[in-house]
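Q: Hi! Could you walk me through how the pieces of this structure pack together?
A: Happy to, let's bring it up.

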Amino acid sequence: MKLTVDYQYGIEFADYDGEDKTSFMWWTVNHLASVRVHVAAQLHVYKALARHTDSIDYVTEFFGGCGFGTAMVQGIFHPEEHNVIDLDQACVDHIAAQGFGAGVSVGQGDAKQAMLRPVKSDLIVCDFFSFTAHQMKDWRPQLDNLFKSSPKAIQITDTSLARLHLQRERYATALGHEFGTAEEYLLAYSERFREDYGYSLLAAGHREFAAMMFVPSDEVASPNIKHLSVVEGNEAVQA
């Protein structure tokens with residue numbers, strides 16, 4: 001099966017019949033509708049970043065997953081060097097099989113450890129499989145290290161929006177800012193990261209998940225936030 005993002009960036013899927021439900025390959029194949037919408041959200045923020053900056057030459061991507069993000073980064077930015085890390089060996093093998101080119105390096109590793117190492121990239125991608133404002137405390141040393149490296153941009157995925165109404169008070173406490181709507185939740189992230197790191201939201205796409213792109217605060221005035229529909233997800237990823 002071949003899936004294409006934005007009619008341009010292709011991903012080949014070999015027939016996957018694995019039964020390991022902890023594998024992201026299994027999750028992708030069995031939740032393709034949700035994956036399509038999230039890919040559309042990522043596409044939105046990557047295009048916003050492309051309009052914002054002249055070049056992205058060095059990329060570090062954590063949680064490479066099934067390679068949709070890798071394909072978009074390669075197709076939109078054409079970086080000289082693109083390092084991809086995933087804990088799931090099936091995902092590592094899948095991305096490596098895509099033949100993205102000599103500049104792409106794919107390796108198996110635990111992001112929680114890898115994020116603590118020195119990193120110097122123009123773009124850092126943190127496409128978490130599970131991440132919420134409440135979980136931010138569990139990743140604080142990692143986030144501190146990544147933002148301290150002063151990248152041009154950091155993309156972070158939040159996976160909580162489908163249950164936002166159930167956890168509003170907990171998430172508001174974690175962010176230190178009250179909010180009502182999903183858009184206000186994303187803006188609360190922007191305020192938290194501006195206060196902690198000097199980075200603010202450039203763009204976000206969201207439905208059940210949110211793809212957020214952060215850049216230095218002095219570079220952005222008003223973020224481009226878009227709520228994605230299922231139809232837009234289907235339009236973003238073509239079979």
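**Helices and a sheet**

Q: How far apart are the axes of α2 and α3, and at what angle do they pack?
A: The axes of α2 and α3 are 10 Å apart, and the two helices pack at an angle of about 25°. Bear in mind that this is a predicted model.

Q: So what do we call that arrangement of α2 and α3, and why?
A: Angles under 35 degrees count as roughly parallel, and therefore α2 and α3 are roughly parallel to each other.

Q: Is the crossing of α2 and α3 left-handed or right-handed?
A: Right-handed.

Q: Nice. Which residues meet there?
A: On the α2 side you have Val35, Val39, Gln42, Leu43, Tyr46, Lys47, Leu49 and Ala50. They meet Phe68, Gly69, Met72, Val73, Ile76 and Phe77 of α3.

Q: And how do the residues of the contact of α2 with α3 divide by character?
A: Eleven are nonpolar, two are polar and one is charged.

Q: Switching to the sheet: what is the strand order?
A: The order is β2-β1-β11, in an open sheet of three strands with antiparallel pairing. β2 (9-12) and β11 (237-238) are the edge strands, each pairing on one side only.

Q: How many bridges link β1 and β2?
A: Four bridges, in the antiparallel sense, with β1 spanning residues 2-5. Within that region, Lys2 stands opposite Glu12 of β2.

Q: Which strands does helix α2 touch?
A: Helix α2 (residues 32-52) touches β1 and β11 as it packs on the sheet, and its direction makes about 30° with that of β1.

Q: What about α3, which strands does that helix touch?
A: Helix α3 (residues 68-77) packs on the sheet too, touching β1, β2 and β11. The direction of α3 makes about 150° with that of β2.

Q: New topic: how do α7 and α8 cross?
A: The axes of α7 (residues 164-175) and α8 (residues 182-197) come within 11 Å and cross at roughly 15°. That makes α7 roughly parallel to α8, and their crossing is left-handed.

Q: Which residues make that contact between α7 and α8?
A: From α7 it's Leu164, Tyr171, Ala174 and Leu175. From α8 it's Ala182, Tyr185, Ala188, Tyr189 and Arg192.

Q: And how many of the residues in the contact of α7 with α8 are nonpolar, polar or charged?
A: Eight are nonpolar, none is polar and one is charged.

Definitions and conventions
Residues numbered from 1 in each chain as written. Predicted model: local features only at pLDDT ≥ 70, side-chain atom pairs only at ≥ 80, totals over all residues. Heavy atoms only, no water. Pairing = 2+ DSSP bridges. Contact = heavy atoms within 4.5 Å. Axes fitted to C-alpha atoms, helices over the stretch in contact; angles between N-to-C directions. Parallel < 35°, antiparallel > 145°, perpendicular 65-115°, else oblique. Left-handed = near helix turned anticlockwise from the far one by under 90°. Nonpolar A, V, L, I, M, F, W, Y, C, P; charged D, E, K, R; others polar.
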